[in-house]
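Student: I should like to work through this chain step by step, beginning with its strands and ending with its metal site. Shall we take the structure first?

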Amino acid sequence: MTFNWQEYTTTELRAHATTRFREGGGSRPDVMLVEIDGHKAVLKDQGGADKWFALLIGPILNWRECKALTRLSELECVPELLSVPDSRAFLMSYHDSEQITKLKSNQPNWPEFFSDLKSAIDQLHQHGVAHNDLRNPTNTLVTPDGKPILVDLVACFCRGQKWNLPNRWLFNKFAQVDHSAITKLKTRVAPELLEESDVTPEEIAGRIGMAAKELGQWVRKVSRKLFTS
Ligand SMILES: Nc1ncnc2c1ncn2[C@@H]1O[C@H](COP(=O)(O)OP(=O)(O)O)[C@@H](O)[C@H]1O
Ligand SMILES: [Mg+2]
């Protein structure tokens, strides 16, 4: 039988916190490991941020992250949403893991890990979610069997309808930023795996620059046609 996390309030969950992954304060939430009757879960509570931030922005951030986790519920590479005890907090599945740049007990097979990471990121995109904060290495965790877990979807960008071209354009850019995170992480932990084809931020900026340049040329061409005889 699965454990019923939904019957616990935020206060009760906080009372069962055994480890703090992140101390709240300023614009930061509390992120903590909660243990009840041998069952583990992670509570992310925007109520741990400064009062006004928690009051005004906390519910929006919580809603954004819960929405993304719900959209990605089929995927093994992101935590499962277990409960939303109030508008500022949610509870997710705990994954025994370490941050990719702070590995102590883990030494993954890096080629396999990066291949899995690429598939994980592609799966997110197929489900219409660009993570958008993977360049921060604290959001990529490594399990003891060397698999990636992606956390912290608060900055995500969701793909909209087909007709929403600005949204689609932005989504593609953010998807490329996710891919550039692979390059950054490889540089940090396995530089020998870097390849010519790896996406760099300069390249993305370059492509945005090219698009802006082409738009500028088109505007000038149309203006010339319209306003000169
Ligand atoms: N589901 C989880 N399982 C295990 N550890 C987690 C989980 N979620 C978060 N953590 C740990 O907590 C840290 C902070 O969580 P995160 O969601 O990134 O918060 P923040 O938005 O403050 O960066 C992560 O870097 C990771 O070490
Ligand atoms: Mg984070």
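Student: How many bridges join strand 2 to strand 3?

Tutor: Please keep in mind that this is a predicted model. Strand 2 and strand 3 run antiparallel, and their hairpin has 2 residues between the strands, with D37 taking a positive phi near 50°. Within the pair, V34 stands opposite A41 in strand 3. The number of bridges joining the two strands is 7.

Student: Which residue of strand 5 does A41 stand opposite?

Tutor: Strand 3 (residues 39-45) also pairs with strand 5, in the antiparallel sense and over 5 bridges. One of the pairs sets L43 of this ladder against L91 in strand 5. For A41, the residue opposite in strand 5 is S93.

Student: In strand 5, what is the bridge partner of D86?

Tutor: Strand 4 (residues 81-86) pairs with strand 5 in the antiparallel sense over 3 bridges. The two strands form a hairpin with 2 residues between them. The bridge partner of D86 in strand 5 is A89.

Student: Is strand 5 mostly covered or mostly uncovered, and how many of its residues are buried?

Tutor: A residue is buried when its relative accessible area is under 20%. For strand 3, 5 of the 7 residues meet that description, and buried residues make up 40% of the 229 residues in the chain. Strand 5 (residues 89-93) is mostly covered, and its count of buried residues is 5 of 5.

Student: A further sheet holds strands 6, 8 and 9. Which of its strands stand at the edges?

Tutor: The 3 strands form an open sheet in the order 6-8-9, with antiparallel pairing. Strand 6 is joined to strand 8 by 2 bridges, and Q99 has L141 of strand 8 as its bridge partner. Two of the strands have a single partner strand each, so one side of each is left without a neighbour in the sheet; these edge strands are strand 6 and strand 9.

Student: Between which parts of the chain does the largest pocket lie, and why?

Tutor: The largest pocket has a volume of about 860 Å³. Of its 30 lining residues, the closest to its centre are F21, V31, Q99, T138 and V151. Residues of the lining come from both domains, so the pocket lies between domain 1 (5-93) and domain 2 (98-198).

Student: Which strand gives the most to the lining of the largest pocket?

Tutor: At least two lining residues each are supplied by strand 1 (17-22), strand 2 (30-36), strand 3, strand 5 and strand 6 (98-99). By class, the lining has 12 nonpolar, 10 polar and 8 charged residues. The strand that gives the most, with 3 residues, is strand 1.

Student: Which residues are the protein donors of the magnesium ion (ligand 2)?

Tutor: The donor atoms are an OD1 and an OD, lying 2.2 Å from the ion. Both donor residues are buried. The two are N139 and D152.

Student: How many residues apart in sequence are the parts that this pair ties together?

Tutor: N139 lies in the loop between strand 7 (129-130) and strand 8 (140-142). D152 lies in the loop between strand 9 (148-150) and strand 10 (157-158). The pair therefore ties together parts whose separation in sequence, in residues, is 13.

Definitions and conventions:
Residues are numbered from 1 along each chain as its sequence is written. Chains are lettered from A and ligands numbered from 1 in the order in which they are written. This is a predicted model: local features need pLDDT of at least 70, side-chain atom pairs count only at pLDDT 80 or more; totals for chains, interfaces and linings use all residues. Side-chain values use heavy atoms; hydrogens and water are left out. Buried means under 20% relative accessible area, exposed over 50%, partly exposed in between (1.4 Å probe, protein chains only). Helices (H or I, at least four residues) and strands (E, at least two) are DSSP runs, numbered from the N terminus. Two strands pair if DSSP finds at least two bridges between them. On a 1 Å grid over the protein atoms alone, a cavity is a set of points where a 1.4 Å probe fits but cannot get out, and a pocket is an open set with protein on both sides within 12 Å along at least five of seven lines; lining residues have an atom within 4 Å of a point. Grid points are joined across faces, edges and corners, and a volume is the space filled by probe spheres set on the points. Ala, Val, Leu, Ile, Met, Phe, Trp, Tyr, Cys and Pro count as nonpolar, Asp, Glu, Lys and Arg as charged, and the others, Gly among them, as polar. Domain bounds come from an automatic or database domain assignment. Donors are N, O and S atoms within 2.8 Å of the metal (3.2 Å for Na, K and Ca); water is not among the atoms, so sites may look incomplete.
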